[in-house]
Amino acid sequence: MALKLVTQANLTDCGLACVAIVAGKSLETVLRVAIKECGYPKDGPHTTTDDSLFKLLDHFGIKYGKKQKVKTVEALPPVAIMETRKMPSTGNSHLVVFERTPEGDEHALDPGWWLKQQIRSDWNRIKLDTFIPIYLPEPATKTSKKKTAEPPTATEAETSASQSPAKKAKPPKSKASGKKSTANTATNSEQEPTVKDAQGDAQAEASTLVQPEETGTALIVGDESKADNTPAQEPGDVA
């Protein structure tokens, strides 16, 4: 994962900017932690000592090694916070971040806002003195996409077909509710003719008429009270 450059805000907060670079945080976030936990003055200066640098790295969960002298650029670890030689005019040193990319590119991320080119590799001008190894977690590797399975050959298909037994068709499951519904339907179908027959007999009796005399009214032969008082039976009530 490539580191992102963070530019310092004044002449003394290069150390805070370097912590922001390796921690992936903003300069403002690191400054708030420095003021709260390391006793930095709110209005500056924000000069970073070794102790305060280690406290800030610990706070953000950044692992680091012992401070040591720079021998060669090739001997540096993939990531390090480097300190330049102290400038005689001010007596202060300057902190930058060294990075070696997976492609082998080696450069320094310089937080100095006064520079035209802040990603530098002009090692003859950067007077390197000491460095602190920084051990960042390796980025998670992306899982490779699964390859599409190749279609089997004719021989493999025949072999698979001969070895795999034919699946038997499963009989349809009969549900209890279906059985109950079928039974009710059968009962109703058996009972309906009986009701119709009873009603038909009553109507037949009531409709039996004696041929009227020339001057009389037709008389109903049969028991009228029996025919009239027989209630119509519901299909479900017939025994």
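1. Helices here are DSSP runs of H or I at least four residues long, and they are numbered from the N terminus. By that count A17 belongs to helix α1. The model is a predicted one, and this note starts from α1 and works outwards.

2. The overall layout comes next. The chain holds six helices and seven strands. Along the sequence they follow the order α-α-α-β-β-β-β-β-β-β-α-α-α. Of the 239 residues in the chain, 27% are buried. If one takes the contacts between residues at least 6 apart in sequence, 56% of them join residues at least 24 apart.

3. How much of α1 is covered? The helix is mostly covered, with 10 of its 10 residues buried. These are C14, G15, L16, A17, C18, V19, A20, I21, V22 and A23. The cover over them includes two helices, α2 and α3, and the strands β3, β4, β5 (106-109) and β7.

4. A17 shows this at the level of one residue. Its relative accessible area is 0%, and because buried means under 20%, A17 counts as buried. Leaving aside residues up to four places away in sequence, A17 touches V6, Q8, L27 and P111. A17 can also be set against G112: the two are 95 residues apart in sequence, yet their C-alpha atoms are 9.2 Å apart in space.

5. The end of α1 deserves a look at the backbone. G24, just after the helix, has a positive phi of about 70 degrees. A second backbone point lies further on, where G44 and P45 are joined by a cis peptide bond with omega about 0 degrees. P45 sits in the loop between α2 and α3. As background, most residues other than glycine have a negative phi, and most peptide bonds are trans.

6. How do α1 and α3 pack? Their angle is about 25 degrees, and their axes are 10 Å apart. Angles under 35 degrees count as roughly parallel, so α1 and α3 are roughly parallel to each other. Their crossing is right-handed. On the α1 side the contact uses G15, L16, V19 and V22, which meet L53, L56 and L57 of α3. Sorted by class, the α1 and α3 contact has six nonpolar residues, one polar residue and no charged ones.

7. The packing of α1 with α2 has an angle of about 115 degrees, and the axes are 9 Å apart. This crossing is right-handed. The residues that meet are L16, A17, V19 and A20 from α1 and L27, V30, L31 and A34 from α2. By class, the contact of α1 with α2 has eight nonpolar residues and no polar or charged ones. L16 and V19 appear in this contact and also in the contact of α1 with α3.

8. Which residues have the most contacts inside the largest nonpolar core? They are L57, I81, V97 and I134, in a core of 28 residues. Two or more residues come from each of α1 (14-23), α2 (27-37), α3 (50-59), β3 (79-84), β4 (95-100) and β7 (128-135). The helix α1 gives the most, with nine residues.

9. I81 gives a view of this core from one position. Not counting residues up to four places away in sequence, I81 touches C18, V22, L53, L57, L95, V96, V97, T130, F131, I132 and I134. Two of these partners, C18 and V22, are among the buried residues of α1. A second core, separate from the one above, has 11 residues, including V70, V73, A108 and L128.

10. L128 gives a view of that second core. L128 lies in strand β7 and has a relative accessible area of 13%. That value is under 20%, so L128 is buried. Its partners, not counting residues up to four places away in sequence, are V70, V73, M82, E83, T84, R85 and W123. Of these, V70 and V73 are named in the second core along with L128. L128 and T84 are 44 residues apart in sequence and 4.4 Å apart in space, C-alpha to C-alpha.

Conventions
Residues numbered from 1 in each chain as written. Predicted model: local features only at pLDDT ≥ 70, side-chain atom pairs only at ≥ 80, totals over all residues. Heavy atoms only, no water. Core = buried A, V, L, I, M, F, W, Y, C linked by side-chain atoms within 4.5 Å. Buried < 20%, exposed > 50% of the residue type's maximum accessible area, 1.4 Å probe, protein only. Contact = heavy atoms within 4.5 Å. Axes fitted to C-alpha atoms, helices over the stretch in contact; angles between N-to-C directions. Parallel < 35°, antiparallel > 145°, perpendicular 65-115°, else oblique. Left-handed = near helix turned anticlockwise from the far one by under 90°. Nonpolar A, V, L, I, M, F, W, Y, C, P; charged D, E, K, R; others polar.
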